[in-house]
Protein chains: 2
Amino acid sequence: MAGAEWKSLEECLEKHLPLPDLQEVKRVLYGKELRKLDLPREAFEAASREDFELQGYAFEAAEEQLRRPRIVHVSALHRRIKAIVEVAAMCGVNIICFQEAWTMPFAFCTREKLPWTEFAESAEDGPTTRFCQKLAKNHDMVVVSPILERDSEHGDVLWNTAVVISNSGAVLGKTRKNHIPRVGDFNESTYYMEGNLGHPVFQTQFGRIAVNICYGRHHPLNWLMYSINGAEIIFNPSATIGALSESLWPIEARNAAIANHCFTCAINRVGTEHFPNEFTSGDGKKAHQDFGYFYGSSYVAAPDSSRTPGLSRSRDGLLVAKLDLNLCQQVNDVWNFKMTGRYEMYARELAEAVKSNYSPTIVKE
Amino acid sequence: MAGAEWKSLEECLEKHLPLPDLQEVKRVLYGKELRKLDLPREAFEAASREDFELQGYAFEAAEEQLRRPRIVHVSALHRRIKAIVEVAAMCGVNIICFQEAWTMPFAFCTREKLPWTEFAESAEDGPTTRFCQKLAKNHDMVVVSPILERDSEHGDVLWNTAVVISNSGAVLGKTRKNHIPRVGDFNESTYYMEGNLGHPVFQTQFGRIAVNICYGRHHPLNWLMYSINGAEIIFNPSATIGALSESLWPIEARNAAIANHCFTCAINRVGTEHFPNEFTSGDGKKAHQDFGYFYGSSYVAAPDSSRTPGLSRSRDGLLVAKLDLNLCQQVNDVWNFKMTGRYEMYARELAEAVKSNYSPTIVKE
């Protein structure tokens, strides 16, 4: 049963649990129940023809007296971008985020520079950005395009970058992966280092968004700073495999949505990638040509702790979520973690803690 | 089905899922499978006689060349302290943590000062601390005793405090609730304010422990500072109800264990508490004399993302966990979030962000 053939947690629960139990399990594990979106028939037909999964859910907020609902459709997807973006457009999607380094295999395990660094390109006017600008303009859709960036203006340094393209087709800006893993097959610092652009938030026509790339999801402070800068939706384009992180996956992005009163979108690849030359993984095992399967399971989480089911663990997919962004402020006004957050104390404590002569507060008998 | 009568998530899954599916569901939701502890027969008999639930699980670590396993038995419990502590002793427990404000009903919803503030007592030599010192010494057990503290030496101020008592019977110290809720029935700032003792960690004979009281679990920085100060186990004694937080409960303490490479113990009350005078909850509803049921579901989570099942949602219980603390460093050395945490950058960013003239980093078209 282990491996990519187990389709999804949700399918398994729905198949076996009696309805009243299923409702309780979902209440505890998934928060309030989401309404399924009534997506157009031609979208499902196109998805079936192109052989990818399509799911849609609505996150609703209470009606307010002063503000109208601030509905935005976001989506998270895996690959085969153009066909999938067209289906997203049929579904009325406003903001779409692709997976991490979507133009290339996740080859950083190989530690080979060539041919993989040939995928690196300019964030501002590389072929991928130009391609995405056309998509964005044609479909009136904000496109978040995570790529391997080559920064020719600064000594040809490579970065793990997400380009944010406005629905007008203009490049709104870029943001870089702030935390770089050194774990198992993911020692990516062979190729690029920690991002130097801080925590920018992008004001789009549909809401304020930020991009926490991959390994940054393990760092609660990374989510927090995007939230402090005003992000209402934080995308987390990732590439992560079953053996390493599958039991962390349902926890981290969801905790971030709760802790920061915002929406988060956790996006992962599917499938297994085979490389021409063998490599080792720092785990004492024999050299091999793949390092396991990316388990997909992309989902969207809300500030009230509700979440969508995950997309398939093995098939390409498009997850459409209709968010009422008013929910962020509504949940904030109930819980208000920023009001009770005491950031001044933590700024001070962290500034002390990073000093080389810091002495931890340990009470001994 | 809604309400306290639904026994537990785990019981429901085990009853209905075929074994291969159950194993996959548990792998994704609970991490690696834990071994059940072989607790003594007389412990189960005593638990049955006293009518509380008893469960035990082992968290194991890999064998190392230089360090022996650092086994510690911890437990989390609900109430009826003495009888339960005796059963804990039979089970070889080394560190025990009671629930938040365990000596009193969670009466802060009433906003009445009397009679409730009569429960407040000295952390250093109040009757509860003296009672716990005897328990600690008799059973060679570290006792964490969360109480309502009256600080007579500083103007009779009240605090939400946990007293840490060494297995020698000596009071090792105290720690205070750092984040105070102002939500629904939990506007506790009527009684006590944010703790002023920072993030102390207590070096016990069995390992380094810290106490993140209740609402602090929603604040990732609170967990982080205890971890930076060296905590290997962070207890989270809480009092929280179904309607407010049940779908957050399985996420937050577990995310903290993952993010900080430590163990966390999430502890909640069970049952419904009725108060003599009616009160309102700031939710537009009629006055009432209880605010819903505490859903128990106490659990222990490990740095490798594994966790125990939850205790019952409705019965008193004692959860015994056998932890090999070597797991903390082992997981740290694989993932190493502190190495990649960039705390210097965050100390700087937070110090800026709290200034009244801070301008968030927002990119506009």
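Begin with both chains of this predicted model in view and select the boundary between them: across the interface of chain B and chain A, 40 residue pairs are in polar contact, with both residues of each pair at pLDDT 80 or more. On the chain B side, the largest share of what touches chain A comes from helix α10 (residues 343-353) of chain B, which supplies 9 residues. If you colour every residue that takes part in the contact, you should find 86 residues from chain B and 86 residues from chain A. Together the two chains bury about 7,700 Å², and 67% of that area lies on carbon and sulfur atoms. The interface also holds 2 salt bridges, and a good pair to display as sticks is Glu246(B) with Arg27(A), whose side chains meet at 3.1 Å, N to O.

Next, select strand β2 (residues 53-59) of chain B, which is largely enclosed by the rest of the structure because 7 of its 7 residues are buried. In a regular strand the side chains alternate between the two faces of the sheet. Here Glu53(B), Gln55(B), Tyr57(B) and Phe59(B) lie on one side and Leu54(B), Gly56(B) and Ala58(B) on the other, and both faces are covered. Add strand β1 (residues 35-36) of chain B, which runs antiparallel to β2(B) and is joined to it by 2 bridges; there Lys36(B) stands opposite Tyr57(B). Then add strand β17 (residues 317-324) of chain B, which runs parallel to β2(B) and is joined to it by 7 bridges, with Gln55(B) opposite Leu319(B).

From here, pick out Leu323(B), which is among the residues with the most contacts inside the largest nonpolar core, a set of 80 residues. Leaving aside neighbours within four places in sequence, Leu323(B) is in contact with several residues of chain B, including Phe59(B), Ile71(B), Ile233(B) and Val300(B).

Move now to chain A and select strand β6 (residues 157-165), where 8 of the 9 residues are buried. Strand β5 (residues 142-151) of chain A runs antiparallel to β6(A) and is joined to it by 9 bridges, and Ser145(A) stands opposite Val163(A). These two strands form a hairpin with 5 residues between them, and Gly155(A) in the turn has a positive phi of about 70°. Strand β7 (residues 171-176) of chain A also pairs with β6(A) in the antiparallel sense, over 5 bridges, with Val164(A) opposite Gly173(A). The hairpin of β6(A) and β7(A) likewise has 5 residues between the strands, and Gly169(A) takes a positive phi near 100°.

Finish with the charged pairs, of which a search of the whole structure finds 50 salt bridges over all chains. Select Asp51(A) and Arg315(A), whose side chains meet at 2.9 Å, N to O; the pair links distant parts of the chain, 264 residues apart, with Asp51(A) in the loop between α3 and β2 and Arg315(A) in the loop between β16 and β17 of chain A. Asp51(A) counts as partly exposed at 47% relative accessibility, and Arg315(A) is also partly exposed, at 35%. For a pair within one helix, select Glu86(B) and Lys82(B), which form a salt bridge with the closest N and O atoms 3.0 Å apart. Because they are 4 residues apart in helix α4 (residues 81-90) of chain B, they are separated by about one helical turn. The last stop is in chain A, where salt bridges that share partners join Glu124(A), Glu149(A), Asp151(A), Lys174(A) and Arg176(A) into one network.

Methods: Residues are numbered from 1 along each chain as its sequence is written. Chains are lettered from A and ligands numbered from 1 in the order in which they are written. Side-chain values use heavy atoms; hydrogens and water are left out. Buried means under 20% relative accessible area, exposed over 50%, partly exposed in between (1.4 Å probe, protein chains only). Two strands pair if DSSP finds at least two bridges between them. A nonpolar core is a set of buried Ala, Val, Leu, Ile, Met, Phe, Trp, Tyr and Cys residues joined through side-chain atoms within 4.5 Å. Contact means heavy atoms within 4.5 Å. Buried area is the accessible area (1.4 Å probe) that two parts lose on being put together, summed over both. A salt bridge is a side-chain nitrogen of Lys or Arg within 4 Å of a carboxyl oxygen of Asp or Glu. A polar contact is a pair of N or O atoms within 3.5 Å; within protein, one must be able to donate a hydrogen and the other to accept it, and residues adjacent in sequence count only if both atoms are side-chain atoms.
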